[in-house]
Amino acid sequence: MSERDIYHEPPTRVLLRTADAYQTESADAVESYSDRLLSIVADYHNGGRPEGMNAQAMVGKSKRGEVAFRLFARIDPATRVIEAAGFKTRGCLAMTGCASVTCEMIEGKTFEEALAITTDDIRAAVDGVPVGKTNTLTFSVEAIRALIGDFLAREGAGLAELDAVVPCDTMSVPCLMCEHCSLRDTRTDLLVAEMEGE
């Protein structure tokens, strides 16, 4: 891979528009992103759904600009190891970079290992995100939790098992930051089913 030319600014800035990543925050100044993060965005290889996908998640927000992260994975039901992961994003370059490294970090990991990944781990992997983009770090961690919750629910887990593996504090800062959360939706569906005696 060739080095990014940091000495010459292009006359116009090209925005990222692919099937898997869509940059909606077009007013962002590229200078505020680390070279590491930009190189990840320019050369990511894990977009979309991996073959044999059997779990997915979505987290994000819509207020003051849409930022969304959809995480897909193929998980071995016998070992509960995440064999392959892919993503789709909408929003800013930081979300695309964080999504890509999240996929790399969870591949080959057990649920326990994947759930141990922190916002600091992701921040280090992309060499930081600009001020005002730290929500992308939180979305990355929450997407991992939601992915595992989705897999468990597909396997027939109820609220008790979700609480044991991916407990949620609805008043925590990460939960409040995630305006959209597929794990929250899954929990609501399971709660309604329990109330209706299904």
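## Exercises: a sheet, its helices and two odd loops

Asp127 lies in the loop that joins α4 (119-125) to α5. Keep in mind that this is a predicted model.

**Exercise 1.** Work out what sign phi has at Asp127, and whether Asp127 is buried or exposed.

*Solution.* Start with the backbone: phi at Asp127 is positive, about 60 degrees, although this residue is not a glycine. Why look twice at that? Most residues other than glycine have a negative phi. Next, accessibility: exposed means over 50%, and Asp127 has 52% relative accessibility, so it counts as exposed.

**Exercise 2.** Do the same for Arg80: find which loop holds it, then its phi and its exposure class.

*Solution.* Arg80 sits in the loop between β3 and β4. Its phi is positive too, at about 55 degrees, and again it's not a glycine. Partly exposed covers the range between 20% and 50%; Arg80 comes in at 29% relative accessibility, so it counts as partly exposed.

**Exercise 3.** Lay out the strand order of the sheet, then place helices α2 and α5 on it.

*Solution.* Go strand by strand: the order is β1-β4-β3-β2-β5, an open sheet of five strands with mixed pairing. At the edges are β1 (21-23) and β5 (180-181), each pairing on one side only. Inside, β2 (residues 55-61) runs antiparallel to β3 (residues 67-75) over seven bridges, with Ala55 opposite Ala73 in β3. Now add the helices. Helix α2 (residues 93-106) packs on the sheet and touches β1, β3 and β4 (82-91), its direction making about 175 degrees with that of β4. Helix α5 (residues 135-154) also packs on the sheet, touching β2, β3 and β4, at about 145 degrees to the direction of β2.

How values were computed. Residues are numbered from 1 along each chain as its sequence is written. This is a predicted model: local features need pLDDT of at least 70, side-chain atom pairs count only at pLDDT 80 or more; totals for chains, interfaces and linings use all residues. Side-chain values use heavy atoms; hydrogens and water are left out. Two strands pair if DSSP finds at least two bridges between them. Helices (H or I, at least four residues) and strands (E, at least two) are DSSP runs, numbered from the N terminus. Contact means heavy atoms within 4.5 Å. Axes are lines fitted to C-alpha atoms, for helices over the stretch in contact, and angles run from 0 to 180 degrees between N-to-C directions. Buried means under 20% relative accessible area, exposed over 50%, partly exposed in between (1.4 Å probe, protein chains only).
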